[in-house]
Amino acid sequence: MGDHNQPFLPVSGDPECAPVLGDDVVVDGALHRPQPGSTKSKLLLAVFSGIFVVCLILAGGYDKSGVVKVAQLGGVDELGVGPIEMPAGSTIVRPAVSRGKSAGVSEKANFSPEQLLGGGEVIGDGLTEDFPWNNSMLSWQRTAFHFQPEKNWMNDPNGPLFYKGWYHFFYQYNPNAAVWGDIVWGHAVSRDMIHWLHLPLAMVADQWYDVQGVWTGSATILPDGKVMMLYTGSTNESVQVQNLAYPANHDDPLLLDWVKHPGNPVLVPPPGIHHKDFRDPTTAWKTSEGKWRITIGSKVNKTGIALIYDTEDFINFELKEGFLHGVPGTGMWECVDFYPVAVAGGNGLDTSVNGAGVRHVVKASLDDDRHDYYAIGTYDEEAGKWYPDNPAIDVGIGIRYDYGIFYASKTFFDQSKQRRVLWGWIGEWDSEAADVRKGWASLQGMPRTVVLDTKTGSNLLQWPVVESESLRLRSKEFKNVVAKPGAVVPIKLEAATQLDIVAEFELDKEAVERAVESDEEFKCSSSKGAAHRGALGPFGLLVLSEETLSEQTPVYFYVVKGKNATLRTYFCADQSRSSLANDVNKQIYGSYVPVLTGEKFAVRMLVDHSIIESFAQGGRSVITSRVYPTKAIYGAARLFLFNNGTEAGVTASLKVWQMNSAFIRPFPNL
């Protein structure tokens, strides 16, 4: 593993903000700044308690010298490293056990030993060395303006809707622990989707048809204003079935009490569908015949599919022939979503809208890789089929909502503001042991509006709901800041933990013209991150960075000049240096993003403690990162502009707001 304790770039610009810590050193073509006290001291633990020794011996991670060893991945000599010796205060923890798969849902453990190789140390028999987190570090990770319950585990968003003046948000919740299990429906309400009030649990696992979990579902508002909630239950025999619930009192704007239909389940797996591959019903939409139609995710062998059903009363359903859509090789489709978008852009559309000037989106959460993919196409109501505009970027093989950590998403039509709003579950990339210690796990992304990108026709534009701007406090502008090749420029702020950043970048045009055409096949995830130097990038911002850059999270553009002087742009986020902790996942995310003629490179970023949401080119591409710094926290967090390209200078203009905390607490007097 590389040494992420060293920065990849020097600091330039304002000398007052560039602390001198010693001579810069060139390593692999990149400048590094020595850090104070970075001499590595190895502490050999000579004395282990009797119980601890026995545990290590049984785990196979202890030798006669008393040192826990690196797994033999090709041999120690080939790696060029010796045994890892544990720092004082560390403990040994096993990787998180698999959670959810055996029950018939996607993996809910934070990471596997294989994934951990991207960030931590795998030792012995799959044991990991746990970083010595303290309460101050763990407390800092809790967000200030993203929705999360007061404690314990949360995952999928469920049944969001606007009802009698309140936004309702339901979610998968474990009331008993900070790990997945015992799933019920949590419930909260808001006037603006920013400030939230927690309500009592909406539905619990108390019937044979959902005793093993009240899983994901969707809400449909009928023309008379009544609400129908379809959800998946896991039965006492682990069969996935669809159930109906509705408010006990439709006059109650808080929808506190829910009734489960006495005839549940209303749907069971049809012939040919495995009993654990039938889940997550969508919001219903109206057909021209006056019936309601839904889809449910499933698979046939390795082909992900969306089954389609018609109903008149949400109790009796007719399975339509074939399926709405399917894509070979994509595996199980979870949390399928289906909704219309206006070709002209602008407002969102009710789920039942169809006809001229309308395209339809199909989205699926892939159980196999835990990412959300969408495609835009044409819906044939009579045939009950949907066809992608471009089969090369079909569902599961093309475009994603988000290239970071974002899953099990769900949209709803906000009739009060005529917009479609997207929610998504943001999981953790730290260790399960850390989650248990801090007492909570997961949050929801900032709700986003979704419209068709009328310029490309193949992308959606996602953007934080306008209400997020109500949290903006003081702002500072930085105009025409120049970053020469290889430079890092400090951006002076009073604080850098809760920010809303809007930035634009321009490459030096003459340098772009001089740049040699390249056949480089760049990919964010397999590159060296922000240390991967090209003629025209990377360039962007270092967020949640420590002053000496020992911790940093670059979010950046990388441009490749191809044949005929065409420019191809990639938008990436590099977590490889985001934390000195060894028990967190530190991946490099990103993808190609269209940057059209006349457009500047543009990004908006919401920084909220351990989450960074980055929206490139007006929301054409989005990356959500979870980071767990140990030093770049509280007042030590910094923001930098950087340009690690080799030939072209970059001129940037930024506006940065300090962000207030949202008001999220229990509903009073309930």
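**Figure 1. The protein's surface and overall make-up.** In this predicted model, the accessible surface of the protein adds up to about 26100 Å², and carbon and sulfur atoms own 52% of that. Turn to the inside, and you'll find that 59% of the 670 residues are buried. The chain is built with six helices and 42 strands. How do the contacts span the sequence? Take the contacts with a separation of 6 or more: 65% of them are between residues 24 or more positions apart.

**Figure 2. The disulfide between Cys524 and Cys572.** How many disulfides does the structure hold? Just one, and here it is: Cys524 joined to Cys572, with 2.1 Å from S to S. The two cysteines come from distant parts of the chain, 48 residues apart. Cys524 sits in the loop between helix 6 (509-514) and strand 33 (536-545), while Cys572 belongs to strand 35 (residues 567-574). If the word is new to you, a disulfide is a covalent bond between the sulfur atoms of two cysteines. Why is this disulfide called left-handed? Because the torsion about the S-S bond of Cys524 and Cys572 is about -60°. Are the two ends buried or exposed? Cys524 has a relative accessible area of 1%, so it counts as buried. Cys572 comes in at 0%, so it is buried as well.

**Figure 3. The largest nonpolar core, seen around Phe505.** Which members of this 94-residue core touch the most other members? They are Ile501, Phe505 and Leu541. Zoom in on Phe505 and leave out residues up to four places away in sequence: its contacts include Phe539, Leu541, Phe557, Phe601 and Val603. Also among them are Leu641, Val650 and Ala652, along with Gly540, Lys600 and Thr651. Apart from this core lies another one, made of 17 residues, including Ala284, Trp292, Ile294 and Ile305. In soluble globular proteins, nonpolar side chains tend to be buried together.

**Figure 4. Asp367, a buried residue in a loop.** Where is Asp367? Look in the loop between strand 20 (358-366) and strand 21 (371-380). Its relative accessible area is 11%, and the cut-off for buried is under 20%, so Asp367 counts as buried. Who does Asp367 touch, not counting residues up to four places away in sequence? Among its contacts are Lys101, Val105, Ser106 and Glu107. Arg279, Met332, Glu334 and Tyr407 touch Asp367 too.

**Figure 5. Cys335, another buried cysteine.** Cys335 has a relative accessibility of 1%, so this residue also counts as buried.

How values were computed:
Residues are numbered from 1 along each chain as its sequence is written. This is a predicted model: local features need pLDDT of at least 70, side-chain atom pairs count only at pLDDT 80 or more; totals for chains, interfaces and linings use all residues. Side-chain values use heavy atoms; hydrogens and water are left out. Helices (H or I, at least four residues) and strands (E, at least two) are DSSP runs, numbered from the N terminus. Buried means under 20% relative accessible area, exposed over 50%, partly exposed in between (1.4 Å probe, protein chains only). Contact means heavy atoms within 4.5 Å. Accessible areas come from the Shrake-Rupley method with a 1.4 Å probe; for residues, only the protein chains shown count as cover. A disulfide is a pair of cysteine sulfur atoms within 2.5 Å. A nonpolar core is a set of buried Ala, Val, Leu, Ile, Met, Phe, Trp, Tyr and Cys residues joined through side-chain atoms within 4.5 Å.
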